[in-house]
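Here is a short report on one protein chain. Keep the sequence and the 3D view open as you read.

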Amino acid sequence: MNVDLLSHPAEEVAPKLLGCVLTCKTPEGTVSIAITETEAYSGTADPASHAYRGRTARNATMFGPAGHLYVYRSHGLHWCANVVTGTDGIASGVLIRAGRVIEGEDLARKRRGAKVDSPRLARGPGNVGQALGITAEHNGADLLAGTSVMLSEGEPVPAALIRVGPRVGVSKAHDWQHRFYLAGDPTVSAYRLSPRAKPSAGA
């Protein structure tokens, strides 16, 4: 994976990450997913982004450089993984919403639950983090350095399979067409409109 691929606005990078492989190595073992669903968040220009109101200790990783992992906790429960993109100093990131487990399925199922079927192991951003074993300690990790968390190129995805739509579950800028996913893939999460969502202007 070349950092040049990631050094562009999130909405340009997000569809290109479909089919790429995200891997996490822990003392328990290794789990890898082929990415099937992403969402772009455009920093201070995006009301739904954690960086909308500027840099804080929590979101500092989002401001670059590209190719690092931004990890945050959702609803106090789940760790979510984002690939930092764009220009250093300007917040931009792509949330990994779903993937297909291609390595370490037994370990992913141990983490997610014995009764969870294969398509649901990494369906939804919190489940991605849980299946991979991503935690706060991975925040800021260099995804291109070959360390414990890695992003690599996978099988090319035909453009005809890529679909675009509004982001899931956000209340602000919910209608921005910044969600990208593989048509018909059973690992892709269902669309859900936030009950607090209001019409908005934007991309």
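Buried residues make up 50% of the 203 residues in the chain. Keep in mind that this is a predicted model.

**Overall build**

The chain holds four helices and eight strands. Along the sequence they follow the pattern α-α-β-β-β-β-β-α-α-β-β-β. The radius of gyration is 16 Å, close to the 17 Å that the globule rule gives for 203 residues, so the chain is as compact as a globular protein of that length. Along the principal axes, the C-alpha atoms fill a box of roughly 45 × 35 × 35 Å.

Contacts often link distant parts of the sequence. Take the contacts between residues at least 6 apart: 61% of them join residues at least 24 apart.

The accessible surface comes to about 9300 Å². Carbon and sulfur atoms account for 53% of that surface. As for charge, the chain carries 22 positive and 18 negative side chains. The centres of these two sets lie 10 Å apart.

**The nonpolar cores**

In soluble globular proteins, nonpolar side chains tend to be buried together. Which residues touch the most other members of the largest nonpolar core here? They are L17, L22, I33, L69, I96, L132 and L151, out of 36 residues in that core. Strand β2, residues 29-41, gives the most to this core, with four residues. There is also a second, separate core of 12 residues, and Y41, A51, Y70 and V170 are among them.

L69 shows how such a core residue is surrounded. Leave aside its neighbours within four places in sequence. L69 is then in contact with T61, A81, N82, I134, H138, N139, G140, A141, L143 and V149.

**Helix α4**

Helix α4 spans residues 125-132 and is mostly covered. Seven of its eight residues are buried. They are P125, G126, N127, V128, G129, A131 and L132. What do they pack against? The partners are the strands β1 (21-26), β2, β4 (78-84) and β5 (93-103), along with helix α3 (105-112).

P125 sits in helix α4. Its relative accessibility is 14%, so P125 counts as buried, the cut-off being under 20%. Beyond its neighbours within four places in sequence, P125 is in contact with W79, C80, L95, I96 and R97. I96 is also one of the residues listed for the largest core. P125 and G99 are 26 residues apart in sequence, and their C-alpha atoms are 9.1 Å apart in space.

**Backbone angles to look at**

Most residues other than glycine have a negative phi, and most peptide bonds are trans. Three places in this chain deserve a look.

| Place | Angle | Value |
|---|---|---|
| G133 | phi | near 85° |
| A173 | phi | near 50° |
| G64 and P65 | omega | about 5° |

G133 follows α4, and its phi is positive. A173 has a positive phi too, and A173 is a residue other than glycine. A173 lies in the loop between β7 (162-165) and β8 (179-182). Is A173 buried or exposed? A173 is buried, with a relative accessible area of 4%.

The third place is a peptide bond. G64 and P65 are joined by a cis bond. P65 is found in the loop between β2 and β3 (69-74).

Key
Residues numbered from 1 in each chain as written. Predicted model: local features only at pLDDT ≥ 70, side-chain atom pairs only at ≥ 80, totals over all residues. Heavy atoms only, no water. Core = buried A, V, L, I, M, F, W, Y, C linked by side-chain atoms within 4.5 Å. Buried < 20%, exposed > 50% of the residue type's maximum accessible area, 1.4 Å probe, protein only. Helix = DSSP H or I, 4+ residues; strand = E, 2+ residues; numbered from the N terminus. Contact = heavy atoms within 4.5 Å. Rg over C-alpha atoms; globule rule 2.2 N^0.38 Å. Areas by Shrake-Rupley, 256 points an atom, 1.4 Å probe, with all protein chains shown as cover. Lys, Arg positive; Asp, Glu negative; His and termini not counted. Charge placed at Lys NZ, Arg CZ, Asp CG, Glu CD.
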